[in-house]
Amino acid sequence: MASQIREAKASDVDEIVRVTNEAFLADAYFKKEEFHLRTNVGFVEGVIEKNDEHEKFLVCDDPNEGGKLLGSVLVSVHKSIGHFGMVSVTNSARNRGVGGSLIFAAEAFCQGHGATVLEMPVIHSREDLIPWYKKKGYEQFDDVPFEAPEIVLDGVQVRMLMFRKKLE
Ligand SMILES: CC(C)(COP(=O)(O)OP(=O)(O)OC[C@H]1O[C@@H](n2cnc3c(N)ncnc32)[C@H](O)[C@@H]1OP(=O)(O)O)[C@@H](O)C(=O)NCCC(=O)NCCS
C-alpha cells in the first residue's frame, strides 16, 4: 500500500476535497450543519500551489481507478516538530490499511524533513480513534479546548487531546 502513497499534485485537488469531506462526516455529530464540510478547493489548492517543501498533502492512489484517491493526509514540519491532520480514507476503502499507510508515510515525511517528534490532536469523544493511534505509538500529553468553538453545536463540549510520538 505504501508504494501507492505520493505527494499530491494540482490535479488531485478535487479528489482530496471529496475524500476529506466524505471522511470527516465522522465529526458531524458535534458540528453545526453548515460546518459539516471539512475543507474546500481553495484551501487544498492553496497548500499545493504554495509548494512549501515542509507542508504537503500525501495521497493514496486507487490502483483500480486512474485519477481516483483512496485517502489523503496533510503533513507539515515546523523546526523539529512534525504535524499531521485531515487523515481521510474514502468509505469504501476503510479497514484495509490505507489509513495506517498514510500515517506511516506522514511519519517518514516528517523524519525526512528533520522532525524528531510528531504531534497531532484528536477530538476527545472520538473513542474509535484513540486506541488506533495508541497502538501506533502515540501518547497523550495535553488536553486543550477545541480550536473553533463557533462551529460546535450549542451545549456540546469538545476538547482536543494532544498526542505525541517520538520519531526514531
Ligand atoms: C481513521 C481512518 C483514517 C482510518 O483509516 P483506515 O484505512 O480504515 O485504517 P486502517 O485500515 O489502516 O486501520 C483500521 C483497522 O483496519 C484493520 N486493517 C488494517 N490493515 C488491514 C488489512 N491490510 N487487511 C484487513 N484489515 C486491516 C485493522 O484492524 C486496523 O486496525 P489496527 O491498525 O488497529 O490494527 C478512517 O476511518 C477515516 O477516514 N475516518 C474518518 C476521518 C477521521 O476520523 N480521521 C482522523 C481524524 S484525527
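Two residues are in contact if their C-beta atoms, placed from the backbone, lie within 7 Å. By that criterion, Val144 touches Arg159, Met160 and Met162, not counting residues up to four places away in sequence. The model analysed here is predicted.

Val144 sits in strand S6, which spans residues 139-145. Its burial follows from a neighbour count. Val144 has 11 C-beta neighbours inside 10 Å, and therefore counts as exposed, since 12 or fewer is the cut-off for that class. The C-alpha atoms of Val144 and Val158 are separated by 9.3 Å. Along the chain, these two residues are 14 residues apart.

Strand S5 covers residues 117-123 and holds Pro121. Ile123 is placed in S5 as well. Pro121 has 17 C-beta neighbours inside 10 Å and so counts as partly exposed. For Ile123 the count inside 10 Å is 17, so Ile123 is classed as partly exposed. Both counts fall between the cut-offs of 12 or fewer for exposed and 20 or more for buried.

Contacts from S5 were then examined beyond the immediate sequence. Leaving aside neighbours within four places in sequence, Pro121 is in contact with Met160, Leu161 and Met162. Ile123, with residues up to four places away not counted, touches Asp27, Val158 and Met160. Met160 is thus among the contacts of Pro121, of Ile123 and of Val144. Ile123 and Arg159 are 36 residues apart in sequence, yet their C-alpha atoms are 6.1 Å apart in space. Pro121 was also compared with His83, 38 residues away along the chain. Their C-alpha atoms are separated by 9.1 Å.

Strand S4 runs from residue 81 to 89 and includes Ile81. Ile81 has 16 other C-beta atoms within 10 Å, which means that Ile81 is partly exposed. Outside the four nearest places in sequence, Ile81 is in contact with Ala115, Val117 and Glu119. The C-alpha atoms of Ile81 and Ala108 are 13 Å apart. In sequence, 27 residues separate this pair.

Two loop residues stand out by backbone geometry. Most residues other than glycine have a negative phi. Lys79 is not a glycine, but has a positive phi of about 55°. Lys79 is found in the loop between S3 and S4. With 9 C-beta neighbours inside 10 Å, Lys79 counts as exposed. Asn95 is likewise not a glycine, and its phi is positive, at about 60°. This residue, Asn95, belongs to the loop between S4 and H3. Asn95 has 7 C-beta neighbours inside 10 Å and so counts as exposed.

Helix packing was examined for H1 (residues 13-23) and H2 (residues 41-50). The axes of the two helices lie 9 Å apart and meet at an angle of about 130°. H1 is therefore oblique to H2. The crossing of H1 past H2 is right-handed. From H1, the contact is made by Val13, Ile16 and Val17. From H2, Val41, Val44, Glu45 and Ile48 take part. By residue class, the contact of H1 with H2 comprises six nonpolar residues, one charged and no polar.

Burial along H1 extends past the residues in that contact. Val13, Glu15, Ile16, Val17, Val19, Thr20 and Ala23 of H1 are buried. Of these buried residues, Val13, Ile16 and Val17 also contribute to the contact with H2. An α-helix has 3.6 residues a turn, so residues three or four places apart point the same way. The cover over the buried residues of H1 includes H2 together with strands S2 (55-61), S3 (69-78) and S4.

The surroundings of the ligand were described last. Around the ligand there are 17 residues, of which Ala23, Arg94, Gly97, Gly99 and Gly100 come nearest. Two or more residues of this shell are given by each of strand S4 (81-89), helix H3 (98-112) and helix H4 (130-135). The shell divides into nine nonpolar, five polar and three charged residues. Ala23, one of the residues that come nearest the ligand, is also among the buried residues of H1.

Methods:
Residues numbered from 1 in each chain as written. Predicted model: local features only at pLDDT ≥ 70, side-chain atom pairs only at ≥ 80, totals over all residues. Near = placed C-beta within 6 Å. Helix = DSSP H or I, 4+ residues; strand = E, 2+ residues; numbered from the N terminus. Nonpolar A, V, L, I, M, F, W, Y, C, P; charged D, E, K, R; others polar. Axes fitted to C-alpha atoms, helices over the stretch in contact; angles between N-to-C directions. Parallel < 35°, antiparallel > 145°, perpendicular 65-115°, else oblique. Left-handed = near helix turned anticlockwise from the far one by under 90°.
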